[in-house]
Amino acid sequence: MSILQAKNVHYIYQSKYQKVHAVKGIDFTFQEGKFYAIVGKSGCGKTTFLSMLAGLDLPTEGEIIYDGKSTAQRNRDEYRLRAISLICQSYNLFPLLTVEENVLYPMLLRKAENAKQIAEEKLRAVGLNESYFKRLPAMLSGGEQQRVAIARALASDAKIILADEPTGNLDTENSEIVINLLQKLAHEEGYCVIVVTHDLSIADKADEVLRLKDGNLIS
């Protein structure tokens, strides 16, 4: 079932001195239960495209459509809170909050019921038991911090997970753990998982690979 669609999406950076056509007419429909990789050389437009899917930017031309409605016609703060979860290379955990408090945070914003119970369930789902709950992020390895970020994404209850270079700071073993978690979320839990990456091992495990070159979707 389709969940997110890009329709003739363009993005142009305009400054006093230059104009850069970063994304050029991308058309693509993303489905629930699939794991996607967006790949290409630096500067090809993949992170710009992800930022539009996340509602951080609007296309210069064309539309990003979620649940039949363009992001331009939505409250984008609400869209980012309820429709999508964003996982970054740098984890973006709150350093002074515990592991459990980091996962609780999006649920407290939504005033979700049984938030503490859900946070603990999500942490266990990514392989972190109660011995981790009261630790601060600085007490964790990079792989463990990324798993906390994934648990926080799951706690948001959004069905679209967007990840920007999620294994960029991880060693091979932890990269594989994170990739397998994301793949499992798509195939077993029905999430739509979209990953921007330079890591070819992620592309190898993706159901579909979107290759960008100079802002164009070439395959």
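**Exercise 1. The four-strand sheet**

Find how strand 1 and strand 2 pair, and place both in their sheet.

*Solution.*
Step 1. Strand 1 and strand 2 are antiparallel and share nine bridges. Two strands count as paired if DSSP finds at least two bridges between them. Strands are DSSP runs of E with at least two residues, helices are runs of H or I with at least four, and both are numbered from the N terminus. The model is predicted, with local features needing pLDDT of at least 70 and side-chain atom pairs pLDDT 80 or more, while totals for chains, interfaces and linings use all residues. Residues are numbered from 1 along each chain as its sequence is written, and side-chain values use heavy atoms, without hydrogens and water.

Step 2. Pick a register point. I12 has H21 of strand 2 as its bridge partner.

Step 3. Add strand 4. Strand 1 (residues 2–14) pairs with strand 4 (residues 61–66) over five antiparallel bridges. K7 is bridged to E63 of strand 4.

Step 4. Add strand 5 (residues 69–70). Strand 4 and strand 5 pair over two bridges, again in the antiparallel sense. Y66 faces K69 of strand 5. Two residues separate the strands of this hairpin, and D67 takes a positive phi near 55° there.

Step 5. Assemble. The four strands form an open sheet in the order 2-1-4-5, with antiparallel pairing. Strand 2 (19–31) and strand 5 are the edges; each has a single partner strand, so one side of each lacks a neighbour in the sheet.

**Exercise 2. The six-strand sheet**

Work out the strand order of the six-strand sheet, then state which helices lie on its strands.

*Solution.*
Step 1. The order is 6-7-8-3-9-10; the sheet is open and its pairing is mixed. Strand 6 and strand 10 (216–217) hold the edges with a single partner strand each, so one side of each has no neighbour in the sheet.

Step 2. Check one pair. Strand 3 (residues 35–39) and strand 8 (residues 192–196) run parallel, joined by four bridges. I38 stands opposite V196 of strand 8.

Step 3. Place the helices. Helix 5 packs on the sheet, touches strand 6 and strand 7 (160–164), and makes about 170° with the direction of strand 6. Contact means heavy atoms within 4.5 Å. Axes are lines fitted to C-alpha atoms, for helices over the stretch in contact; angles between N-to-C directions run from 0 to 180 degrees. Helix 6 (residues 172–189) lies across strand 3, strand 6, strand 7 and strand 8, at about 130° to strand 3.

**Exercise 3. Helix 3 and its partners**

Describe how helix 3 packs against helix 4 and helix 5.

*Solution.*
Step 1. Two packed helices are described by the angle between their axes and the distance between the axes.

Step 2. Take helix 4 (residues 115–125). Helix 3 (residues 99–110) packs on helix 4 at about 120°, with the axes 9 Å apart. Helix 3 and helix 4 are therefore oblique. The scale is: under 35 degrees roughly parallel, over 145 roughly antiparallel, 65 to 115 roughly perpendicular, the rest oblique.

Step 3. List the contact. V99, E100, V103, L104 and M107 of helix 3 meet residues of helix 4, including A115, I118, A119 and L123. By class, this contact has eight nonpolar, no polar and three charged residues. Ala, Val, Leu, Ile, Met, Phe, Trp, Tyr, Cys and Pro count as nonpolar, Asp, Glu, Lys and Arg as charged, and the others, Gly among them, as polar.

Step 4. Take helix 5 (142–155). The axes of helix 3 and helix 5 come within 9 Å and cross at roughly 20°. Helix 3 is thus roughly parallel to helix 5. In this contact, V99, N102, V103, P106, M107 and R110 of helix 3 meet V148, A151, R152 and A155 of helix 5. The classes are seven nonpolar, one polar and two charged.

**Exercise 4. Positive phi around helix 3**

Classify Y91 and N114: buried or exposed?

*Solution.*
Step 1. Y91 lies in the loop between strand 6 (84–88) and helix 3. Y91 is not a glycine, yet its phi is positive, about 75°. Its relative accessible area is 10%, so Y91 is buried. Buried means under 20%, exposed over 50%, partly exposed in between (1.4 Å probe, protein chains only).

Step 2. N114 lies in the loop between helix 3 and helix 4. N114 also is no glycine and has a positive phi of about 55°. At 54% relative accessible area, N114 is exposed.
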